[in-house]
Amino acid sequence: AQQWRGVIREYADRLPVTEKTKIITLGEGGTPLVPARALSELTGCTVYLKVEGMNPTGSFKDRGMTMAITAAVEAGAKAVVCASTGNTSASAAAYATAAGLNCAVLVPEGKISMGKLSQAIAHGATLLQVDGNFDNCLEVARKLAEAYPVFLVNSVNPARIEGQKTGSFEVVDVLGDAPDIHALPVGNAGNITAYWKGYQEYAAPYSNPTPGADGGELPAVSSKTPAMWGFQAAGAAPIVAGHPIDEPDTIATAIRIGNPASWEQAIAARDESGGVIEAVTDEQILEAHRWLSSQEGVFVEPASAAGVAGILKKHRSGELASGQSIVITVTGHGLKDPDWALKLPDGSPVQPEKVEFDVVSVARALGLE
Ligand code: F0G
C-alpha cells in the first residue's frame with residue numbers, strides 16, 4: 001500500500017499548484033476522524049472528532065504550512081516570518097527546515113507553551129519574544145514582510161487557507177457527505193475561513209483557477225454544506241463582542257487573540273452557513289479538555305477543546321437538536337501544553353501515589369487487597 005502523500009499531492013487538482021511545483025511536505029493531513037462515543041451518547045447526535053494533533057508538528061497548521069512554504073519556495077524566497085501563539089511557529093520552523101529556508105518567528109513573551117517553544121527552537125528558527133500580544137506580533141510581522149525580503153506565512157497568506165481547506169475535503173471523503181454542523185475553535189479566524197471554503201468548493205462543481213493547474217471541471221462531491229459553529233475564549237472574543245479586545249486573556253493561549261486577521265471571512269462563514277460564533281469560558285474550555293481525555297481518549301491542548309466546550313454548552317442550553325451529524329475539529333495535541341492535565345479542577349497539582357517496591361503494596365494501592 002502507498003502511504004498518505006500529504007495534502008498537496010492528495011488534493012493537487014484543487015490547490016494552487018502545477019506539475020512543475022516543487023512540493024514541500026512532511027506528510028501532513030490524513031488525520032483520523034474519531035467517533036466521539038461519550039459526546040454522541042450525551043447529545044443524541046453522531047459526533048466525530050477531527051484529530052488534528054496527529055499532524056507532523058502536532059497541529060492543523062501543517063496543512064496550511066505545506067502550501068505556504070511550497071509557495072514561498074516557488075516565489076524564490078530565502079526566508080519566512082510569522083507571528084504566532086505557538087503552533088504556527090512550530091509548523092513554520094519545521095517546514096522551513098524541510099525546504100532549506102531561514103525562519104523567524106515572533107511570539108508573545110511568556111504566553112506560549114513550552115512544547116511549542118521547544119519545537120521552534122529545535123527546528124532552528126530565530127525565535128524573538130515580543131513584549132506584547134499576538135496582535136502586536138502580527139502587525140510587526142506584516143510590516144517586516146512588506147519592507148524586507150521575507151515571506152509572511154501567517155494565515156493572511158492565501159496559500160495557508162488553501163492548504164487548510166483540505167480538512168473539509170477529508171471529512172466529506174470519509175463521511176460520504178458534509179455533516180450538519182462543523183464546530184471548531186476561533187482565534188485569528190483562518191481555520192474557520194478555510195473549512196468554510198473547503199466545504200463550499202466540495203458542494204459545487206469546481207474548476208481550479210490556477211494557471212497551469214490540472215484543467216477541467218470536477219463534479220460536486222457533497223450534497224450540502226454544514227452550519228459553521230465557531231467558539232472563541234470568553235476573555236478573547238472580539239467577534240462575539242463586535243469590537244477588538246485590547247488585552248485578550250485566556251488560559252487557552254493558542255487563541256489569545258484580540259483582533260483576528262480573518263474577522264470578516266469568519267463572519268461570512270457564520271452567516272452564509274447559517275452558523276454561530278459564540279464564547280466559551282476558560283472553565284468550560286478546561287471541562288471540555290478533561291472530557292476529551294477522560295471520556296473519549298483524545299488528549300488535546302486547552303484551546304483545541306473550545307469546539308467541544310461549545311457543543312456541550314449548546315446541548316445544555318437546549319440549542320442542540322438531537323439526531324444531527326457533528327464534526328468537531330480538535331486542533332492541537334495535548335502534549336503541546338501538558339501542564340493542564342496535571343492540575344485538578346480546583347487548580348491544585350495532581351500528586352501520583354507512591355508505593356513500595358513489592359506486589360502486595362501495589363495490589364493494595366489498586367484496591368485488589
Ligand atoms: N487551536 C489551536 C491549537 C491554535 O493554535 C489556533 C491558532 C487555533 C485553534 C485557532 O485557529 O487562528 O485559525 O482561528 N493558533 C495560531 C498560532 C494563532 O499562532 O499558532 P485560527
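**Domains, ligand shell and helix packing**

Modeller: In this predicted model, 39 residues of domain 1 are in contact with 34 residues of domain 2.

Colleague: Which elements give two or more residues to the domain 1 side?

Modeller: Helix 1 (7-10), helix 7 (158-164) and helix 8 (166-175).

Colleague: Which of them gives the most?

Modeller: Helix 7, with five residues.

Colleague: And how do the residues on that side divide, nonpolar, polar and charged?

Modeller: On the side of domain 1 that touches domain 2, 14 are nonpolar, 18 polar and seven charged.

Colleague: Remind me, what are the domain bounds?

Modeller: The domain assignment gives 7-59 + 160-342 for domain 1 and 61-156 for domain 2. Their centres, taken over C-alpha atoms, are 21 Å apart.

Colleague: Switching to the ligand. How many residues surround it?

Modeller: There are 22. The closest are S84, G187, N188, T331 and G332.

Colleague: Which domains does that shell draw on?

Modeller: Domain 1 and domain 2 each supply at least three residues of the shell.

Colleague: Which helices supply at least two?

Modeller: Helix 4 (87-99) and helix 9 (190-202) each do.

Colleague: What's the chemical make-up of the shell?

Modeller: Six residues are nonpolar, 14 polar and two charged.

Colleague: Stay with helix 9. At what angle does it pack with helix 11?

Modeller: About 45 degrees, with the axes 8 Å apart. Helix 11 covers residues 263-273.

Colleague: So what do we call that, parallel or oblique?

Modeller: Oblique, because an angle of about 45 degrees is not under 35 degrees, the limit for roughly parallel, and is not in the 65 to 115 range for roughly perpendicular. The crossing of helix 9 and helix 11 is left-handed.

Colleague: Which residues meet there?

Modeller: From helix 9, I192, T193 and W196. From helix 11, Q265, A266, A269 and S273. That contact has four nonpolar residues, three polar and no charged.

Colleague: Now helix 4. How do its axis and that of helix 5 cross?

Modeller: At roughly 20 degrees, and the axes come within 8 Å. Helix 5 is residues 114-122. The angle is under 35 degrees, the limit for roughly parallel, so helix 4 and helix 5 count as roughly parallel to each other.

Colleague: Is that crossing left-handed or right-handed?

Modeller: Helix 4 and helix 5 cross left-handed.

Colleague: What makes the contact?

Modeller: N87, S89, A90 and A93 of helix 4, with K116, Q119 and A120 of helix 5. Three of the contact residues are nonpolar, three polar and one charged.

Notes
Residues are numbered from 1 along each chain as its sequence is written. This is a predicted model: local features need pLDDT of at least 70, side-chain atom pairs count only at pLDDT 80 or more; totals for chains, interfaces and linings use all residues. A residue is near a molecule or strand if its C-beta atom, placed from the backbone, lies within 6 Å of it. Helices (H or I, at least four residues) and strands (E, at least two) are DSSP runs, numbered from the N terminus. Ala, Val, Leu, Ile, Met, Phe, Trp, Tyr, Cys and Pro count as nonpolar, Asp, Glu, Lys and Arg as charged, and the others, Gly among them, as polar. Domain bounds come from an automatic or database domain assignment. Axes are lines fitted to C-alpha atoms, for helices over the stretch in contact, and angles run from 0 to 180 degrees between N-to-C directions. A crossing is left-handed if the near helix is turned anticlockwise from the far one by less than a right angle, and right-handed if clockwise. Two residues are in contact if their C-beta atoms, placed from the backbone, lie within 7 Å. Angles under 35 degrees count as roughly parallel, over 145 as roughly antiparallel, 65 to 115 as roughly perpendicular and the rest as oblique.
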